[in-house]
Amino acid sequence: MRQLPLPLPLLLAGLGLGLGADPLAPSGAQCLEHDCFGIFWARRPFAEASEACERGGGHLMTVRSTVAEDAIALLVQNRSGRLWLGLSLPVPCTQPARRLRGFQWVTGDRRTDYANWQPSGRRCGERCVTVSRELRWEERRCEEPADGFLCEYNYAGSCPRLPPAEGIPVTYTTPFDARGGDFLALPPRSVATIPAMDLMLRCDEDRESGVLRWDRTSPGAWPCRLANGGCEGACSEEEGQPRCLCPDGKVLAPDGRGCSSPCAGAPCQQHCIVNGSSFVCMCESGYWLAADGSSCQDVDDCAMVLGLCEQACVNTEGGFECRCHHGYQMVDGHCHPISLCYDAPCEQQCEDVPDGYHCSCFPGYAIDPRDPTRCRLHCSRSQCPAECDTQTQACECPEGFLLDEDADKSSVCIDIDECSMNYCQHNCTNHPGGYECHCHDGYQLLNKNDCVNVTEEEGEGAYSGDFGHEPQTPIPTRTPPKMERLHPGALVGIAVGVLSAALTMLALGYHLAKKRCRTPATMDYKCSGPHEKEMGLQPVASRCAT
């Protein structure tokens, strides 16, 4: 129950209707803004009384505050008798210690801020509650008839009573058949009858505003002296004919009493602008008004304005969209080439170049000639710091370098002088990490180290010293001379030469092993060979194997 102040005098209607009246018609009623209460003086048991209230769209009365108690006091009007309230006992026995003693409202809850029980002990069985003229709540058997019952009706809103007009009586009838002329508020669907004007009005919801107001089915104003003729604006009577007038910017609604905007019901597809007592249709940006003056058609912005987009323009409903060609992406409203480096397999660094990408390496590394996407250690000097793992202490050197440690235990990579190892058949040029063989005039390089004679048939200078075809068997240009016996002195020279070469190789091996255990400043060559360079980067121990 809403705790609203109850205006005094409260509305009373139809009290003392007489013996011939319908026994189920309310003998009196009163209404607040959202609630109405009706009193029925008819002997009924609890179940029949509850059904009678429900047939009228309500339920037996719930008394949750003193406001409802005041309403009962005015409805009873000092008439003695017991009236059913909407309380029944859903448990076997009463519970006197509780506010509602274990009873429950017919609405299915036990909420209340008020109770006014007649003193009694614990009782069992089917029990219901009545209220007396003294407003005390009494427990009684539900199947026993009471002298009457109270119904409650709930509504979302109400219409105020019509303003009083001299000499014009009004009779109101509620949806639950309560009648009278002293109501201060009327629920929806109530009817006001004015016999002096041959007029009947109904409390209905306005279609546009959703507000409850008095209205009738026939259009036009009624006499202005009653509720301004029902006009929303001004009411005027010329030659006895009432007429409603609306302020500037509004026109009469179809019912002839309300005032609405000229745009109400206008056929405009998008926007309606009031123009005096008429209207003008308008369209949003990106549309233009069609020939019918009400619908809107899309404007092809891409065709109307050239150069809207950098690359591609796509018309959309009410606008346009800029897009980029394949290989480009939109960034801050501009088309930028999509970087191929996002998907490039570069091991270290990548840069975009026209029609592709280019892999590069960090300082100290160079592109692996066998795989242009990978990087390997590189040193452009004869000595560089080694690449060491701080956790495992393992060090690596570029191809063509050997690992060595200085006196301060710092690891360095020292270039191998391959030219001192006579890899090349003719001439040799050493460079950091490698070497290069060169052939004399008339020869071409074969298998990186060897030189073969260029035949006269192919011509001199047909190949450079560094590049040549696959090795071919040389074809003699003249008949070889006949074999002659060697002079004994030549045999001795050859033997001495072979022995010298063997001693030299032995000394070189001893010197290499000894050098591997000295500082790099006195090292002439390292524990490596030309074929090790072709194997890529390999971890190298800091001491040579003996």
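This tour moves from the nonpolar cores to a small set of salt bridges and ends at a three-stranded sheet.

The model is predicted, so local features need pLDDT of at least 70 and side-chain atom pairs count only at pLDDT 80 or more, while totals for chains, interfaces and linings use all residues. Residues are numbered from 1 along each chain as its sequence is written, and side-chain values use heavy atoms, leaving out hydrogens and water.

**Stop 1: the cores**

Select Trp84, Phe149, Leu162, Tyr172, Ile194, Leu201 and Trp214. These have the most contacts inside the largest nonpolar core, which has 38 residues. Such a core is a set of buried Ala, Val, Leu, Ile, Met, Phe, Trp, Tyr and Cys residues joined through side-chain atoms within 4.5 Å. Buried means under 20% relative accessible area, exposed over 50%, and partly exposed in between (1.4 Å probe, protein chains only).

Next, colour the elements that supply at least two core residues each, among them strand S1 (28-31), helix H1 (46-55) and strand S8 (148-154). H1 gives the most, with four residues. Helices (H or I, at least four residues) and strands (E, at least two) are DSSP runs, numbered from the N terminus.

Zoom in on Tyr172. Not counting residues up to four places away in sequence, Tyr172 touches Arg161, Leu162, Phe183 and Trp214, among others. Contact here means heavy atoms within 4.5 Å.

Now select Met61, Leu100, Trp117 and Val131. They belong to a second, separate core of 26 residues.

**Stop 2: salt bridges**

The count comes to 19 salt bridges, each a side-chain nitrogen of Lys or Arg within 4 Å of a carboxyl oxygen of Asp or Glu.

Pick Arg213 and Asp255. Their closest N and O atoms are 3.1 Å apart. Arg213 sits in strand S15 and Asp255 in the loop between S18 (251-252) and S19 (259-260), so the pair ties together parts 42 residues apart in sequence.

Move to Glu399 and Arg370, a salt bridge at 3.7 Å, N to O. Glu399 is buried, at 14% relative accessibility. Arg370 is exposed, at 52%. Add Asp368 and Arg376 to see the network of salt bridges that links these four residues.

**Stop 3: the open sheet**

Show S32, S36 and S35. This open sheet has the order S32-S36-S35, with antiparallel pairing. Two strands pair if DSSP finds at least two bridges between them. S32 (383-385) and S35 (401-405) stand at the edges with a single partner strand each, so one side of each has no neighbour in the sheet.

Finish on S35 and S36 (residues 411-415), joined by five bridges. Glu405 has Ser411 in S36 as its bridge partner.
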